[in-house]
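Welcome! Please take a moment to look over the sequence and the model, and then read on for a short guided tour.

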Amino acid sequence: MIAFAAPLLLLGALQGGGRQPREAPWWSQPLLRPEVPTVVGDDWARNPIDAFVLARLHASGLTPSEEAEPAVLHRRAHLVLGGLAPVDPWSGQSHEEQVDELLASLAFAEHQARHWLDLARFSETHGFEMNQPREGAWRYRDWVVEAFRADMPYGAFLGRQVAGDVLGDDAGTGFLVAGAWDEVKSPDPVLTAEQRQAELADMVNAVSTGFLGLTVACARCHDHKFDPLSQREYFAMEALLSGVQHGVRPLREPGDDERRAELEALLRGTRAELEELVADAPVELRSAVQARGNEERFAPVLADRVRFTILATVGPGEPCLDELEVFSGLENLARGLQASTSGDYAGNPRHRREHLTDGRYGNDHSWISNEAGSGWVELELAEARPLDRVTWARDREGVFSDRLARDYRVEVRLGDGPWIEVASGADRLPPGEGALLARARTLAAGAGREQAELLLQRHEDAEAELAVLEQRPRAYAGRFEEPSPTRLLYRGEVTQPREEVAPGLPAILGDLQLAPDASEVTRRAALAAWLAAPSNPLVPRVLVNRLWAWHFGTGLVATTSDFGVMGAAPSHPELLDWLACELVAAGGSLRHVHRLIATSATWRQRSRPRASAAALDAEARLLWRFPARRVAAEVLRDSLLAVTGTLDRTPGGPGFSAFEPNDNYVRNYEPLDHYGPLGLRRLLYMTQVRMEREGTFGSFDAPDGGQVCPERGRSTTPIQALALLNSPFVLEQAAALAQRIRAEHPSEPRSQVADGFRRVLGREPGEADLAAALELTATDGLEALIRALFNSNEFLLIP
């Protein structure tokens, strides 16, 4: 077997509590373009990639394989570059022309985006027990597709995923918050702090493994056991991202920030002038409603029923009451009564009507209506009593202030008599700033009206324009706030903070020269600039290695997200550095590197094994043949739809769901058995549910978004075979293709079989194929043949 040269290791000694490197590891050394080897007497090489590969083969006593047939290269190019089986046979087009056509296609950008989203741990739900959907998360997915489509230079591509809000490309920062997030916050401050540390560890891990190929997160609780990464350096990286919070924000257009600042300054000015103007104006309205409690007093009235009707709420959502109390003097007559309501919220069973009169306060003992902005509650007393007061609240514990009733009426009734209104929200000031504006409007109707009218108009115009800015499309791309100081946590324990740590990088990678109190924006902008710097030796090495893995199934460094001591040694270290230098020299064009790889003689080889070569290099790591492998889950489903003619190529926008509809407070995801027309798009555009997989093709090693997925597994299981043979989806697609073939070749079994082979496998059937297929269709129908072709290695493998 072939042994690869080990990378330079860090031979360190513990001095002064830190690791002191004597020799830098290979991945941190400056990039120097290696000389292209000269192999005498061989004209096999088509570009420098082949020279490096051939030199390594010859040194190991191996020779390359012959070039694959044009039809094989045609199929391979479509599967590797576009992620779709070809629907047309090879037309005689040159391989270079075909590669260029594919690299410029939307299919290529979509397929590369799917690779990258594995690294981004992308999903459109939060995960954890609630697993609720994320508003606008799909916009990051579309941003990645467009970045590959435009061949965005790698520095901009990575930098905008860290600081896109600074660089004028907001959606890119969806990368930072693409991971799982526990939206349920504990009242225990220690647990809350641990949740926050988990969020930051996820971000550090995604950036360090995805961009740098280093397992920095392994130094969260102690110095890294193998690589030159200390615990202090982990927290320095955490400090770079410590102002990033999960959440949604509007996607800005050029000039939005400046105009928003102007409008907010204008509003502060008009607000101050209005407050001064109304300071001495009479108040004719009651105070605004409060989430913690409100009291409605009225003249005593004999009644045996009370109804509380909500007409509007503060903000969106169904209204919530934690307790409704009805008094006669000092006695609460509502306690223990059975309430009737307009309808109860189905999203969470804990919000029940019984809580309206159970004497317990707070959100956990509350009722929520089933109607947005409205609803009613009715109480029937044991006997008629003189009523003089009603109290109600959203959350007497003061934790929640959403779902608060703003406009309402309180009515009472005696027997079968009419309902009598005894109180309402109409005489209350609006909540928040609305109280100030209401008093100003009252003033504008009387003396001094001109100044009040002018200020009100200016204020309302600014609010309207600001509202337009806030209505920009929203994306789950994170929110940013000024961070508190980052402290080293002894053993990673939030209860054991030590000294403050300034934001920065591991020392072996460089120094961002940031002050401990550097602003949040400055921290991420500095990281983005460092990632994009042409002098950075690590980032281009990691990126070209990923591209290589996307072509050949395995990177030159097999552990694509771990270049450290515990990762694999590079099979072709000089080739890796040459490709990294080529990427930088080409202005960061990933497409340029893709073209070099896909047009190389190495890439064009046959995939057929040779016993003599396999005895020396069983896994073909030295590339004496093209490594055949099964296509990914998405490629399999998309190709199946493509060859049956049912694939919907609509790009972008909100995805289709692969699960039964539900809006439970705790989401349960049941896979669909049947898809409508919207479900026939590429699987990239399926709404990605964290910790759940698509019902049929998820079993083919698709990631679930739970964590970074640098390389997919390649399992072979009975579930896969059953799914691809008997699932409703496959049966429907086989029937659709059979119907199409029969329509074109009625009563012509030989023509039907030949057409099936051409459509699914891209070739004519041989005599043995034809005889077996005709026998199968005669007994089990054309659908059975098509399903057999779907399950063939010829359809499932990249040749």
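This report visits a set of paired strands, then the salt bridges, and then a few single residues. Please keep in mind that the model is predicted.

**Strand β12 and its partners**

A good place to begin is strand β12, which covers residues 404-413. Is this strand mostly covered or mostly open? It is mostly covered, with 7 of its 10 residues buried.

Strand β12 pairs with strand β5 (residues 294-314), and the two run antiparallel, joined by 9 bridges. If you would like a spot to look for in this pairing, find phenylalanine 308, which stands opposite valine 410 of β12.

Strand β12 also pairs with strand β13 (residues 420-424), again in the antiparallel sense, over 4 bridges. Here valine 412 faces isoleucine 420 of β13. The hairpin made by β12 and β13 has 6 residues between the strands, and glycine 415 takes a positive phi near 60 degrees there.

As background for viewing any of these strands, side chains in a regular strand alternate between the two faces of the sheet.

**Salt bridges**

Side chains of opposite charge can pair when their charged atoms come close. How many salt bridges does the structure hold? There are 56 of them. Three are listed here, each with the distance between its closest N and O atoms.

| Acidic residue | Basic residue | Closest N and O atoms |
|---|---|---|
| Aspartate 170 | Arginine 252 | 2.7 Å |
| Glutamate 380 | Arginine 305 | 4.0 Å |
| Glutamate 331 | Arginine 385 | 2.8 Å |

Let us take the salt bridge of aspartate 170 with arginine 252. Aspartate 170 sits in the loop between α6 (154-163) and α7 (189-212), while arginine 252 sits in the loop between β4 (249-250) and α9 (256-278), so this pair ties together parts that are 82 residues apart in sequence. Aspartate 170 is buried at 5% relative accessible area, whereas arginine 252 is partly exposed at 26%.

Next comes the salt bridge of glutamate 380 with arginine 305. Because glutamate 380 is in strand β11 (residues 375-393) and arginine 305 is in strand β5, the pair links parts that are 75 residues apart in sequence. Arginine 305 is partly exposed, with a relative accessible area of 21%.

The remaining pair in the table is glutamate 331 with arginine 385. Glutamate 331 belongs to strand β8 (residues 331-332) and arginine 385 to strand β11, so parts that are 54 residues apart in sequence are tied together. Glutamate 331 is partly exposed at 40% relative accessibility, and arginine 385 is partly exposed at 22%.

Salt bridges that share partners also build one network from Asp170, Arg249, Arg252, Asp257 and Arg260.

**Two acidic residues to visit**

Aspartate 50 lies in helix α1 (residues 48-59). This residue is buried yet has no salt bridge, and the nearest side chain of opposite charge, arginine 46, is 6.1 Å away. Beyond residues up to four places away in sequence, aspartate 50 touches Trp44, Ala45, Ser600, Ala601 and Thr602.

Glutamate 318 is found in the loop between β5 and β6 (320-321). Its side chain makes a polar contact of 2.8 Å with the side chain of arginine 403. Leaving aside neighbours within four places in sequence, the contacts of glutamate 318 include Tyr345, Ile368 and Asn370.

**Cysteines**

A disulfide is a covalent bond between the sulfur atoms of two cysteines. The count of disulfides here is 0. For cysteine 221, the nearest cysteine sulfur belongs to cysteine 218 and is 9.8 Å away. Cysteine 221 is partly exposed at 37% relative accessible area, while cysteine 320 is buried at 1%.

Note on methods
Residues numbered from 1 in each chain as written. Predicted model: local features only at pLDDT ≥ 70, side-chain atom pairs only at ≥ 80, totals over all residues. Heavy atoms only, no water. Buried < 20%, exposed > 50% of the residue type's maximum accessible area, 1.4 Å probe, protein only. Pairing = 2+ DSSP bridges. Disulfide = S-S within 2.5 Å. Lys, Arg positive; Asp, Glu negative; His and termini not counted. Contact = heavy atoms within 4.5 Å. Polar contact = N/O pair within 3.5 Å; in protein donor to acceptor, adjacent residues only side chain to side chain.
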